[in-house]
2 protein chains.
Amino acid sequence: MEPVRVNLGPRSYDIRFAGDLGSFADFVRLSVPRAKLALVVADTHTERHATTVRDALESVGLRTGMAVVPSGESSKSLAEFGKLLDALADLPADRQTAVVAVGGGVVGDLAGFAAAAYNRGLPLVMVPTTLLSMVDSSVGGKTGINHAKGKNLIGAFHQPAGVWIDPAFLGTLPDREFRSGLAEVVKYGVIQDAEFFAWQEANAAAILARDLEAVRYLVAKSCRLKADVVEQDEREETGLRAILNYGHTFAHAFETVGGYGAWLHGEAVAAGMVCASRLAEKLGRIPADVTERQVKLLTAFGLPLHPKAEWPIEPMIDVMRRDKKAAAGRLRFVLPTRMGHVELVDGVPEDLVREVLC
Amino acid sequence: MEPVRVNLGPRSYDIRFAGDLGSFADFVRLSVPRAKLALVVADTHTERHATTVRDALESVGLRTGMAVVPSGESSKSLAEFGKLLDALADLPADRQTAVVAVGGGVVGDLAGFAAAAYNRGLPLVMVPTTLLSMVDSSVGGKTGINHAKGKNLIGAFHQPAGVWIDPAFLGTLPDREFRSGLAEVVKYGVIQDAEFFAWQEANAAAILARDLEAVRYLVAKSCRLKADVVEQDEREETGLRAILNYGHTFAHAFETVGGYGAWLHGEAVAAGMVCASRLAEKLGRIPADVTERQVKLLTAFGLPLHPKAEWPIEPMIDVMRRDKKAAAGRLRFVLPTRMGHVELVDGVPEDLVREVLC
């Protein structure tokens with residue numbers, strides 16, 4: 001499989017797939033040629049993968065340190081961020097020292113923000129081990145941690161020097177996490193590519209069976225679609241990149257009000273997309289079948305379609321008012337106009353939002 | 001006085017001087033036209049200035065919050081950074097909310113980093129109140145906090161949306177702080193502009209008397225010289241921006257080993273420039289008179305020429321090995337080649353460094 005090239009001028013990089021020409025060690029030498037030191041960051045679930053990665057780094061002559069954070073969203077904290085900075089200072093890291101994130105979105109976001117902040121920017125290598133991080137968080141340069149008042153509220157744009165994807169890591173991924181990752185894959189279909197959405201509908205069984213060919217195609221296609229957006233709006237300035245947040249304004253509210261950890265991120269996104277799509281219906285922007293196709297596919301993937309009934313609505317609305325896309329308290333959503341296309345819609349009445357949350 | 005324009009494409013901004021056409025309120029409307037909210041950040045010394053700034057912001061319709069940090073270098077900490085993020089979340093800040101830093105380098109660096117990290121980047125307005133921050137830290141986009149193992153080790157490049165300089169603030173600046181600021185002014189002469197250095201030699205008395213015309217010229221000239229460098233190497237990638245670190249590799253070592261707060265930053269830079277210049281002599285790069293002219297001018301400005309005798313040398317060398325400019329432990333320094341010109345010199349023998357520290 002060809003590497004996926006993310007074209008960002010001097011910050012361009014490749015997403016490479018294991019099993020193609022060249023080993024992980026070659027990839028590291030290519031991505032961070034000047035690094036003599038590396039800090040490998042993992043969580044308690046990915047420590048074993050991280051040891052393999054560490055051995056490969058040492059085999060090409062890098063001296064490495066390792067930092068292991070507790071698994072789970074609560075590690076995206078200022079405290080864990082501070083500990084990674086301490087670990088880098090202890091190496092001691094210089095400007096060429098690579099931060100190698102081995103894990104899912106939590107490890108990537110946290111280690112990525114530490115890489116962004118230490119010496120105002122160290123080279124970052126992403127080794128995503130979950131489907132979600134392979135198709136989403138490891139691509140595009142968003143890094144960050146959570147704040148009690150909102151997810152990913154603190155962070156930086158920091159493009160990786162390279163991304164290494166080994167679908168073999170998915171072999172040990174729990175079913176719930178695999179399904180959660182599929183939510184973002186469904187999203188790319190809805191926002192950018194009706195054909196890709198139809199491919200998922202037609203291949204849902206093979207995908208769920210983790211058929212290697214289906215998974216490799218799905219990951220590479222998702223990376224390419226995300227890269228297409230990121231290339232045109234690296235820092236979310238033109239508005240285009242906002243389309244990637246389809247379902248996410250709702251999802252962040254679910255995660256904040258439900259507590260980080262009640263749902264996996266993809267689960268929140270799945271229910272968020274359904275809410276957003278119903279909102280688009282209420283605004284007369286789409287016919288009901290656009291929502292129904294999403295409901296069917298997300299159901300096939302075993303993903304939730306509504307926020308939990310016990311979550312109070314007003315605090316969710318509050319979180320949405322603070323959303324990064326909100327401007328001075330006016331609610332904004334990314335909403336579909338047809339399968340494969342979305343738009344950023346401003347000033348959505350709060351009452352309609354309440355209706356789709358019920 | 002004409003504003004100093006810092007040309008950085010989409011991140012261009014003006015440094016404007018009070019007393020010229022237009023008020024602070026006009027400047028804010030021009031710099032952050034979309035802001036409806038602002039967080040004013042000050043320290044215990046600049047709280048009074050901050051209140052004036054706050055009133056001006058509210059007079060043009062911005063709703064404001066205020067955060068006051070303890071004065072002094074120790075506020076450039078992860079803990080104070082976290083508190084500013086809390087203050088922003090409490091507003092609650094949206095993407096257009098301006099962070100307005102009213103103070104010296106500590107306030108600017110800390111508030112700037114919070115602005116860089118919150119929502120991955122809020123617009124930042126700098127209102128420097130010390131000479132040092134007017135001529136240096138408020139221009140160029142470097143923000144950050146300290147780590148036990150090194151000054152400014154954690155941070156981000158985040159260009160301000162505008163800088164407002166009111167030399168009237170200098171009226172209440174303690175003498176020691178004013179003199180400390182002059183160290184960076186001397187630096188611009190040595191690294192970029194022999195004529196400006198000679199102007200300082202000829203006008204030392206007027207400068208020390210804080211003659212308004214002399215001070216305004218000196219501030220505007222320093223901003224222009226720094227902007228010239230920043231425009232060519234915004235993120236310290238080409239090596240050019242490194243010239244601004246003349247004297248600073250030593251200075252950071254003095255500040256780390258002496259403890260932040262033993263010396264003001266400019267005092268450390270003054271002694272650091274003398275050490276660097278003597279190092280250049282030892283390497284045969286300059287004749288002795290280049291150092292002697294610096295020694296004379298810095299003496300006239302009442303600034304130190306050597307590290308304190310009680311500071312142990314080896315820990316200082318250790319800090320230099322970890323310096324952002326060091327690569328894998330090899331010592332690098334910015335050294336003069338003649339008055340008005342410096343170069344980045346690699347692989348300097350540690351023994352020579354020890355000699356100039358004695």
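A salt bridge here is a side-chain nitrogen of Lys or Arg within 4 Å of a carboxyl oxygen of Asp or Glu. By this rule the count over all chains comes to 60 salt bridges. The model is predicted. The exercises below work through selected sites.

**Exercise 1. Locate the annotated site in chain A and describe its residues.**

Step 1. Start from the record. The unreviewed UniProt entry lists Glu184(A), His248(A) and His265(A) under "binding site". These residues span 82 residues in sequence, yet no two of their C-alpha atoms are more than 10.1 Å apart, so they gather at one spot.

Step 2. Place Glu184(A). This residue lies in helix 6 of chain A, residues 175–192. Its relative accessibility is 0%, so Glu184(A) counts as buried; the cut-off for buried is under 20%.

Step 3. List the neighbours of Glu184(A), leaving out residues up to four places away in sequence. Glu184(A) touches Leu132(A), Val135(A), Asp136(A), His248(A), His265(A) and Val269(A). Both His248(A) and His265(A) from the record appear among these contacts.

Step 4. Place His248(A). Helix 10 of chain A, residues 248–258, holds His248(A). The relative accessible area of His248(A) is 5%, so this residue is buried.

Step 5. List the neighbours of His248(A), with the sequence filter of up to four places again applied. The contacts are Glu184(A), Lys187(A), His265(A) and Val269(A). A polar atom of the His248(A) side chain also lies 2.9 Å from the backbone oxygen of Tyr246(A).

**Exercise 2. Follow the contact from His248(A) to Lys187(A), and say what surrounds Lys187(A).**

Step 1. Find the element. Lys187(A) sits in helix 6 of chain A, and Glu184(A) lies in helix 6 too.

Step 2. Check burial. Lys187(A) has a relative accessible area of 1%, so it is buried.

Step 3. Look for a polar partner. The Lys187(A) side chain reaches the backbone oxygen of Leu244(A) at 2.7 Å.

Step 4. Complete the surroundings. Not counting residues up to four places away in sequence, Lys187(A) touches Leu244(A), Tyr246(A), His248(A) and Met273(A). Tyr246(A) thus meets Lys187(A), and its backbone oxygen lies 2.9 Å from a polar side-chain atom of His248(A).

**Exercise 3. Describe the interface between chain B and chain A.**

Step 1. Take the extent. Chain B brings 35 residues and chain A brings 35 residues to the contact. The buried area is about 3,200 Å², with 54% from carbon and sulfur atoms.

Step 2. Count the polar links. There are 12 residue pairs in polar contact across the interface, both residues at pLDDT 80 or more. Between chain B and chain A there are 4 salt bridges.

Step 3. Name the elements of chain B. Helix 3 (78–90), helix 4 (105–117), strand 7 (142–147) and strand 8 (150–157) each supply at least two residues of the side that touches chain A. Helix 3 of chain B gives the most, with 7 residues.

Step 4. Sort the chain B side by class. The side that touches chain A has 16 nonpolar, 7 polar and 12 charged residues.

Step 5. Pick out salt bridges. Asp90(B) pairs with Lys149(A), 2.6 Å from N to O. Glu236(B) pairs with Arg95(A), with the closest N and O atoms 2.4 Å apart. The Glu236(B) end lies in the loop between helix 9 (212–232) and helix 10 (248–258) of chain B, and the Arg95(A) end in the loop between helix 3 (78–90) and strand 5 (98–103) of chain A. Both Glu236(B) and Arg95(A) are buried.

**Exercise 4. Set two salt bridges inside chain B side by side: what does each one join?**

Step 1. Take Asp228(B) and Arg224(B). Their side chains meet at 3.1 Å, N to O. Both lie in helix 9 of chain B, 4 residues apart, about one turn of the helix.

Step 2. Check exposure. Asp228(B) is partly exposed at 28%, and Arg224(B) is partly exposed at 26%.

Step 3. Take Arg321(B) and Glu350(B). This salt bridge has an N to O distance of 2.9 Å. Arg321(B) lies in helix 13 (residues 313–321) and Glu350(B) in helix 14 (residues 350–357), so the pair ties together parts that are 29 residues apart in sequence.

Step 4. Check exposure again. Arg321(B) is partly exposed at 28%, and Glu350(B) is partly exposed at 23%.

Step 5. Turn to chain A. Salt bridges that share partners join Glu314(A), Asp318(A), Arg321(A), Glu350(A), Asp351(A) and Arg354(A) into one network.

Conventions. Residues numbered from 1 in each chain as written. Chains lettered and ligands numbered in written order. Predicted model: local features only at pLDDT ≥ 70, side-chain atom pairs only at ≥ 80, totals over all residues. Heavy atoms only, no water. UniProt positions renumbered as here; feature names shortened; annotations may be inferred. Buried < 20%, exposed > 50% of the residue type's maximum accessible area, 1.4 Å probe, protein only. Contact = heavy atoms within 4.5 Å. Polar contact = N/O pair within 3.5 Å; in protein donor to acceptor, adjacent residues only side chain to side chain. Buried area = accessible area lost by both parts, 1.4 Å probe. Nonpolar A, V, L, I, M, F, W, Y, C, P; charged D, E, K, R; others polar.
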